[in-house]
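Trainee: I have a structure open and would like to go through it with you. Can we start with the surface?
Mentor: Fine, put it up.

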Amino acid sequence: MTGLAAGALGVPLGVALHGWVLPAMGDSVGLRLPESVLSVYHGAELLTPALGGLLIAAVGALLPAGWAARARTATALRTE
């Protein structure tokens, strides 16, 4: 769930940051960047990184979940 929430927030924030930082960088050196440079992300293209992030989060959660599933309840409570 944490990975899904991070992806749902991170992808739109990354696109917004891209739209803000690139023009600022161009303006700082006196360039006006064309729209083809600024609008490089489309909805269908963002689906792949979003699904990749979800897959990475799920795979990363499997190892700790496996450890927790094998732990005895009494041992886990005693170590807390």
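Trainee: Which residues make the nonpolar surface patch?
Mentor: Met1, Leu4, Leu47, Leu51 and Leu54 make the patch, and its area is about 550 Å². Patches take residues with over 30% relative accessible area and no salt bridge; like charges are joined within 9 Å, and nonpolar side chains (Val, Leu, Ile, Met, Phe, Trp, Tyr) within 5 Å. A salt bridge here is a side-chain nitrogen of Lys or Arg within 4 Å of a carboxyl oxygen of Asp or Glu. Accessible areas come from the Shrake-Rupley method with a 1.4 Å probe, and for residues only the protein chains shown count as cover.

Trainee: What should I know about the model before going on?
Mentor: This is a predicted model, where local features need pLDDT of at least 70 and side-chain atom pairs count only at pLDDT 80 or more, while totals for chains, interfaces and linings use all residues. Residues are numbered from 1 along each chain as its sequence is written, and side-chain values use heavy atoms, with hydrogens and water left out.

Trainee: Back to the patch. Which helix gives the largest share?
Mentor: Helix H3, residues 43–70, with three residues. Helices (H or I, at least four residues) and strands (E, at least two) are DSSP runs, numbered from the N terminus.

Trainee: Leu54 is in the patch. Why does Leu54 count as partly exposed?
Mentor: Because its relative accessibility is 36%. Buried means under 20% relative accessible area, exposed over 50%, and partly exposed in between, with a 1.4 Å probe and protein chains only. Leu54 lies in helix H3, as does Ala57, which counts as partly exposed at 30%.

Trainee: How far is Ala57 from Ala6 in space?
Mentor: 9.5 Å, C-alpha to C-alpha, with their positions 51 residues apart in sequence. For Leu13 and Leu54, 41 residues apart along the chain, the C-alpha separation is 16 Å. Leu13 sits in helix H1 and is exposed, at 57%.

Trainee: Does H1 have the span one should expect, or what are the numbers?
Mentor: H1 covers residues 2–28, and at 1.5 Å a residue its 27 residues should span 39 Å; the end C-alpha atoms are 37 Å apart, which agrees. The expected span is 1.5 Å times one less than the number of residues. After H1 comes Gly30, with a positive phi near 80°.

Trainee: Is His18 buried or exposed?
Mentor: Buried, at 16% relative accessibility. His18 is in helix H1, and beyond its neighbours within four places in sequence it is in contact with Pro23, Val37, Leu38, Val40 and Tyr41. Contact means heavy atoms within 4.5 Å.

Trainee: And what does Leu22 touch?
Mentor: With neighbours within four places set aside, Leu22 is in contact with Leu33, Val37 and Leu38. Leu22 is also in H1, and counts as partly exposed at 22%. Its C-alpha is 8.7 Å from that of Val37, 15 residues away in sequence.

Trainee: Now the whole chain. How many helices and strands?
Mentor: Four helices and zero strands. The radius of gyration is 21 Å, well over the 12 Å that the globule rule gives for 80 residues, so the chain is more spread out than a compact globule. That radius is taken over C-alpha atoms, and the rule is 2.2 Å times the number of residues to the power 0.38.

Trainee: What box do the C-alpha atoms fill?
Mentor: Roughly 65 × 25 × 15 Å along the principal axes. Buried residues make up 4% of the 80.
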